[in-house]
Amino acid sequence: MNSLNKGLLLVLTALMATGCATTPPELTDYSAFRAEDPHSVLIVPPINNAVDVDAPAFYLSTISRPVGERGYYVFPVHMVKTLLEEDGLSDANLVHDADPTLLADLFGADSVLYVTIQRWDAQYIVLSTQVTVQFDYVLRSGETGDVLWEESMMRTYSSDTGNSGGGLAGLIVQAVAAAVEKASPNYVPLAQQANAQATAQAGQGVPAGKYHPMYGQDGALFGQAPDPVADAKSPAVETSAPSEPAAPPVTDE
Amino acid sequence: MRNLIAVMSLAVLCGCAPTGLYYWGDYEQALYAYTKQPGEIDAYVASLGAIVEEGEAADKVPPGLYAEYGFALMSAGRESEALTYFEKERDKWPEAEKMMGLMIDGTGLETGGGEADAAPESAEIAATQQGSAAE
């Protein structure tokens with residue numbers, strides 16, 4: 001081990017210790033994904049199981065960036081949605097029930113990403129508003145229709161700052177903050193966090209695609225036979241994850 | 001050793017901020033606003049146009065963005081400009097070839113050359129000459 005490597009390792013360890021990295025609790029089987037090696041992803045409109053009717057439109061605007069940034073060609077989501085509607089597929093449930101290989105063939109896509117919005121809500125609890133989003137992701141092969149990757153992700157945010165000062169004034173500040181959050185919950189950043197974690201998390205996300213600098217070099221983290229160094233023996237991997245999918249509300253920054 | 005460094009580099013890259021392969025600007029807000037108010041097509045076209053411009057300057061135009069912009073231009077009645085951006089999408093991303101081929105055929109305006117660098121000025125003029133189609 002030369003000194004450059006040592007230095008690099010030190011820097012990386014420091015970076016990981018600052019709370020960026022997460023420990024993959026289990027390793028996903030990437031054999032089907034690796035065998036197909038999709039280069040493009042057709043993202044179809046999400047199914048909405050939440051009460052908020054605005055959720056799908058909000059959501060659809062958040063998903064292109066994280067998938068594109070993983071190195072995949074992402075079909076233009078609004079254009080795709082409009083073309084499907086013109087084809088009589090304006091109901092997302094119909095799209096999700098359609099044969100993935102036919103959908104993929106229509107656009108020339110290697111794979112199709114189906115997202116189901118399970119939660120998109122804001123609950124007022126005592127003096128705070130708790131905002132929650134939860135999504136299920138399924139990526140299917142455009143060739144065979146088989147599942148290549150799936151993930152589920154929930155993120156929660158609470159308006160309760162917890163340190164807004166004591167006494168009546170503090171309570172009023174909290175109540176106002178909660179009311180504001182309840183009136184206009186800011187779902188988009190939460191959805192973006194959920195998408196980013198779902199797609200990029202080591203061991204569980206989507207392997208780097210054709211346009212990503214790590215393409216073809218991340219087998220240790222996104223392979224069915226992980227390299228031994230990825231095991232918990234590495235001290236860096238002991239750094240605990242601050243953000244479990246079902247973690248309690250994040251109360252501050 | 002090299003493996004360990006690779007793994008850790010990846011973990012650092014993945015766990016943190018976006019890696020920034022592309023310039024997305026305010027794409028999310030623009031798309032959402034337009035979805036909620038489809039009458040605001042001009043604002044949507046302007047927003048996407050700004051992203052394309054910035055993205056081209058940095059050579060970081062995101063996948064699908066030329067196509068989305070072209071589709072927005074088409075919705076605004078600016079077909080000849082739309083064609084330019086459908087061709088750009090097709091020429092930049094081989095994965096888009098089939099879809100863009102269909103869209104280009106759909107405009108009925110194909111130039112046959114597939115030049116991706118038609119001057120924006122001439123496209124602007126063409127749009128102006130189309131009169132109030134965008135209304």
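The exercises below, each with a worked solution, concern a predicted model.

**Exercise 1.** Find how many helices and strands chain A has, and what percentage of its residues is buried.

*Solution.* Begin with the elements: chain A holds 10 helices and 6 strands. Next take burial, where 43% of the 253 residues in chain A are buried. Then turn to contacts in chain A between residues at least 6 apart in sequence, of which 72% join residues at least 24 apart.

**Exercise 2.** Work out which strands of chain A pair with strand 4 of chain A, and whether each pairing is parallel or antiparallel.

*Solution.* Start with strand 1 of chain A, residues 40-43, which pairs with strand 4 of chain A, residues 111-125, in the parallel sense over 3 bridges. Within strand 4 of chain A, Leu113(A) is the bridge partner of Ile43(A). Go on to strand 2 of chain A, residues 47-48, which also runs parallel to strand 4 of chain A and is joined to it by 2 bridges; here Ile47(A) has Thr116(A) as its bridge partner. Finally, strand 5 of chain A, residues 128-141, pairs with strand 4 of chain A in the antiparallel sense over 14 bridges, and in this pairing Thr116(A) stands opposite Asp136(A). Thr116(A) therefore has a partner in strand 2 of chain A, namely Ile47(A), and stands opposite Asp136(A) in strand 5 of chain A. The connection between strand 4 and strand 5 of chain A is a hairpin with 2 residues between the strands, and Val126(A) in the turn has a positive phi of about 50°.

**Exercise 3.** Check the length of helix 8 of chain A against its number of residues, and then decide where its buried residues lie around the axis.

*Solution.* Helix 8 of chain A covers residues 167-183, and its 17 residues, at 1.5 Å a residue, should span 24 Å. The C-alpha atoms at its ends are 25 Å apart, which agrees with that expectation. For burial, list Gln174(A), Ala178(A) and Glu181(A), the buried residues of this helix. Viewed down the axis of helix 8 of chain A, the buried residues fall within an arc of 65°, so they line one face of the helix. An α-helix has 3.6 residues a turn, so residues three or four places apart point the same way. On the other side of helix 8 of chain A, the residues Leu168(A), Ala169(A) and Ala183(A) are exposed. As a last step, ask what covers the buried residues of helix 8 of chain A: the cover includes strand 4 and strand 5 of chain A.

**Exercise 4.** Locate Asp37(A) and Asp59(B), and determine whether each is buried, partly exposed or exposed.

*Solution.* Asp37(A) lies in the loop between helix 2 (31-36) and strand 1 of chain A, and its phi is near 50°, a positive value in a residue other than glycine. Because Asp37(A) has 14 C-beta neighbours inside 10 Å, it counts as partly exposed. Asp59(B) is found in the loop between helix 3 (41-57) and helix 4 (65-75) of chain B, and its phi is positive, about 55°, although it is not a glycine. With 8 other C-beta atoms within 10 Å, Asp59(B) is exposed.

**Exercise 5.** Describe the predictor's confidence in chain B and in the complex.

*Solution.* Chain B has a mean pLDDT of 78, and 67% of its residues reach 70 or more. Over residues 4-18 of chain B the pLDDT is below 50, and this stretch has 40 contacts in the model beyond near neighbours in sequence. Residues 113-135 of chain B also have a pLDDT below 50, with 21 contacts of that kind. For the complex, the predictor gives an ipTM of 0.74 and a pTM of 0.74.

Note on methods. Residues numbered from 1 in each chain as written. Chains lettered and ligands numbered in written order. Predicted model: local features only at pLDDT ≥ 70, side-chain atom pairs only at ≥ 80, totals over all residues. Helix = DSSP H or I, 4+ residues; strand = E, 2+ residues; numbered from the N terminus. Expected span 1.5 Å × (residues − 1). Buried ≥ 20, exposed ≤ 12 C-beta atoms within 10 Å, placed from the backbone. Arc of directions from axis to C-beta. Contact = placed C-beta atoms within 7 Å. pLDDT = per-residue confidence, 0-100.
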